[in-house]
Each structure stands twice: as C-alpha cells, then as structure tokens.
Amino acid sequence: MCNAFKAYVSTWTMGINNIEAIRNIAEVGFKHVELWPEIDMKDKLNALNEVIESYGIRIWSLHAPFSGLNIASIDEELRNHALTAIIEYIHYANKLNANVVVVHPSSGYAQSMIEYSKGLEKLKNSLQTLAREAADNNIVLAFENMIDKHKPEKSRIGAYVLELKSLINDMNLENVGICLDTGHSNINKMIPAVEAYWAADDLITIHMNDNLGITDDHLIPTEGNINWKEFINALRLIKYRGPLVMEVNSKGMPLKTLLKLKEVCKKLSLTW
Ligand SMILES: [Mn+2]
C-alpha cells in the first residue's frame with residue numbers, strides 16, 4: 001500500500017542499553033528509533049553515532065529523562081533542576097541528528113485544583129524556556145499525554161490531548177506539538193483515535209502500545225483492547241505524516257518481541 005504509515009521502535013526494553021537495543025532493532029529490520037534516556041548518555045554520543053551509522057539506523061527522537069523531574073513543579077529549584085536535565089537532552093538530540101525530543105509535561109499528581117492551576121502556570125513558563133532552546137538546536141518538542149487519576153485531589157497536569165493542545169496553541173509555539181501515548185489515552189478512558197483526531201496538526205509523534213485500560217502494560221498492539229483500525233483511520237483523516245513509535249515492554253525478550261512487532265505491522269499495513 002502506498003502512503004502506509006511507518007513503524008519506528010523505542011529502544012526501551014529492546015536491549016540492556018541503547019547501543020544493544022539499536023543492534024537488536026536493526027537486526028530485525030526496523031530502520032528508525034526513539035532513544036530511551038540513559039544516565040551516561042553524554043559519554044555515549046560518539047558511540048551512538050557510530051553504531052547508527054554502521055547499522056543504517058536513524059534516530060527520529062529522544063525521550064527526555066523524567067524520573068524525579070517535574071517541569072510543572074511549583075518549587076522553583078525542582079523545576080529548574082528538571083529544565084536543566086531536559087535542555088541537556090535537547091543538545092544531545094542535536095548532536096545525534098534527531099528531529100524530536102519527547103517531554104513529560106509533569107510528574108506526580110496535584111493535590112488540589114489550586115495546586116493544579118499553579119502548576120499549569122509553571123508549565124507554561126517551562127514550555128517557553130524549552131521551546132526557545134529547542135528552536136536554537138533545530139529540534140521539535142513533543143509533549144506526551146500522561147496517566148490521570150480522575151480525582152480533583154490527584155490530577156495530573158497534561159494528562160489529556162486537549163489540555164496540551166490548548167496550552168500549545170495559546171502560547172503560539174511553532175516548534176512544539178504532541179506525542180500521543182495510546183496506552184495512557186486508553187487508561188484515561190479516552191479513545192486513542194479520538195485523541196489523535198483532536199491533536200490533528202499538533203500531532204508530531206506517537207507512542208504506540210496497547211493495554212486493557214487498567215494498567216500501563218505497554219503491550220504489543222493487538223494484545224490489548226485498543227481499536228487499531230479506528231486509530232489508523234483517524235490518522236488518515238488528519239493526514240498525519242509522522243511515525244508510529246512502538247513503545248513496547250519486551251519483558252526481557254527483545255528479539256522475540258521485535259519479530260512479533262513486525263508481524264503486527266504487516267497485519268496493520270504499516271511499513272518500517
Ligand atoms: Mn510513552
């Protein structure tokens with residue numbers, strides 16, 4: 001089929017580190033990756049560039065670090081700490097010739113609506129800072145929809161596509177868009193196809209993974225209850241031009257998982 005959507009693969013769980021994961025991914029025949037954050041990424045940039053060149057792989061995106069990092073924090077010290085870590089990844093992305101850095105808009109849950117609204121203001125400041133840095137480095141930022149708890153005393157900032165979209169559009173940021181994680185959308189009791197439709201032109205990249213709507217299992221697409229036909233139809237409707245990045249938990253079996261992913265791609269008429 002012409003105009004088929006392309007499947008890329010996240011290095012997460014596809015090897016003991018990014019370099020081994022790239023080798024596994026290339027061995028199965030995929031051509032593009034998203035890199036998972038690594039503590040010693042800085043020291044590995046040359047080795048990463050060598051391995052992608054020798055295997056003919058392209059790095060589409062980098063997942064920014066997120067553990068213990070909250071760019072929507074109302075504590076300025078914590079917020080700046082998070083910004084510094086993410087800005088470093090924007091620099092790495094530039095050195096690795098990647099296009100996109102994926103960023104979590106928040107970490108943890110606001111304890112009240114007041115805290116939520118204060119956090120949202122902080123997130124706006126952070127967005128401005130990160131967008132400027134990304135523009136200087138020729139990088140596009142993609143903010144990922146998060147898992148919510150559906151309670152006023154436990155709201156996640158940036159859990160929904162419409163929330164991210166209104167932020168981005170209100171601020172008129174040109175090099176900022178959305179990364180739709182289909183699994184997070186499903187857990188939030190949203191419909192991934194509908195959230196993709198809502199994201200429309202702001203949809204830059206996709207974390208494609210499945211679950212049963214309860215826990216963040218990162219299953220191979222078709223192993224959960226997401227309607228993939230409907231999802232892919234929505235992507236056609238919005239004339240989506242980006243990739244479907246498989247963000248799947250291999251449970252220690254990367255090669256077996258990658259082969260299975262390839263079969264699923266064929267079934268869903270995706271190329272790679
Ligand atoms: Mn994700």
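Thr 222 sits in the loop that links strand E7 (203–208) to helix H8 (228–237). Helices here are DSSP runs of H or I with at least four residues, strands are DSSP runs of E with at least two, and both are numbered from the N terminus. Although Thr 222 is not a glycine, its phi is positive, at about 90°. Thr 222 is partly exposed because 14 other C-beta atoms lie within 10 Å. For burial, the cut-offs are 20 or more other C-beta atoms within 10 Å for buried, 12 or fewer for exposed, and anything in between for partly exposed, with C-beta atoms placed from the backbone.

A word on the ground rules: this is a predicted model, in which local features need pLDDT of at least 70 and side-chain atom pairs count only at pLDDT 80 or more, while totals for chains, interfaces and linings use all residues. Residues are numbered from 1 along each chain as its sequence is written.

**The barrel**

Let us step back to the sheet. Eight strands close into a barrel in the order E1-E2-E3-E4-E5-E6-E7-E8, with parallel pairing. On average, neighbouring strands of this sheet are turned by 30° against each other, direction ignored. Such angles are taken between N-to-C directions, from 0 to 180 degrees, using axes fitted to C-alpha atoms (for helices, over the stretch in contact). Two strands count as paired if DSSP finds at least two bridges between them. Here are several of the parallel pairs, each with two residues that stand opposite each other or are bridge partners.

| Strand pair | Bridges | Partner residues |
|---|---|---|
| E3 and E4 | three | Ser 61 and Val 100 |
| E4 and E5 | four | Val 103 and Phe 143 |
| E5 and E6 | four | Phe 143 and Ile 178 |
| E6 and E7 | four | Asp 181 and His 207 |
| E7 and E8 | three | Met 208 and Met 246 |

Strand E7 deserves a closer look. Six of its six residues are buried, so E7 is largely enclosed by the rest of the structure. Together with H8 and E8, strand E7 makes a right-handed β-α-β unit. Right-handed means that, with the strands pointing away from the viewer, the path from the first strand over the helix to the second runs clockwise.

**Helix H3 and strand E4**

The same handedness appears in the unit made by E3, H3 and E4. The chain then crosses from E4 through H4 to E5, and this β-α-β crossover is right-handed as well.

What does the length of H3 look like against expectation? Its 20 residues should span 28 Å at 1.5 Å a residue, and the end C-alpha atoms are 29 Å apart, which agrees. The expected span is 1.5 Å times one less than the number of residues.

The buried residues of H3 are Arg 79, Ala 82, Ile 86, Tyr 89, Ile 90, Tyr 92 and Ala 93. Seen down the helix axis, they fall within an arc of 160°, so they line one face of H3. The arc is that of the directions from the helix axis to the C-beta atoms. An α-helix has 3.6 residues a turn, so residues three or four places apart point the same way. On the other side of H3, Glu 76, Glu 77 and Thr 84 are exposed.

What covers the buried residues of H3? The cover includes helix H2 (41–55), strand E3 (58–63), E4 and helix H4 (113–136). Contact means that the C-beta atoms of two residues, placed from the backbone, lie within 7 Å. H3 lies across E3 and E4, running at about 155° to E4.

Strand E4 is covered on both faces: Val 100 and Val 102 are buried on one side, and Val 101 and Val 103 on the other. In a regular strand the side chains alternate between the two faces of the sheet.

Between helix H3 (76–95) and strand E4 (100–103), the loop holds Asn 97. Asn 97 has a positive phi near 55°, although it is a residue other than glycine. Asn 97 counts as exposed because it has 12 C-beta neighbours inside 10 Å.

**Helix H7**

Helix H7 (residues 192–199) has Pro 192, Ala 193, Glu 195, Ala 196 and Ala 199 as its buried residues. Down the axis of H7 these fall within an arc of 165°, so they line one face of the helix. Their cover includes helix H5 (161–171), E6, helix H6 (182–187), E7 and H8. Just after H7, Ala 200 takes a positive phi of about 45°.
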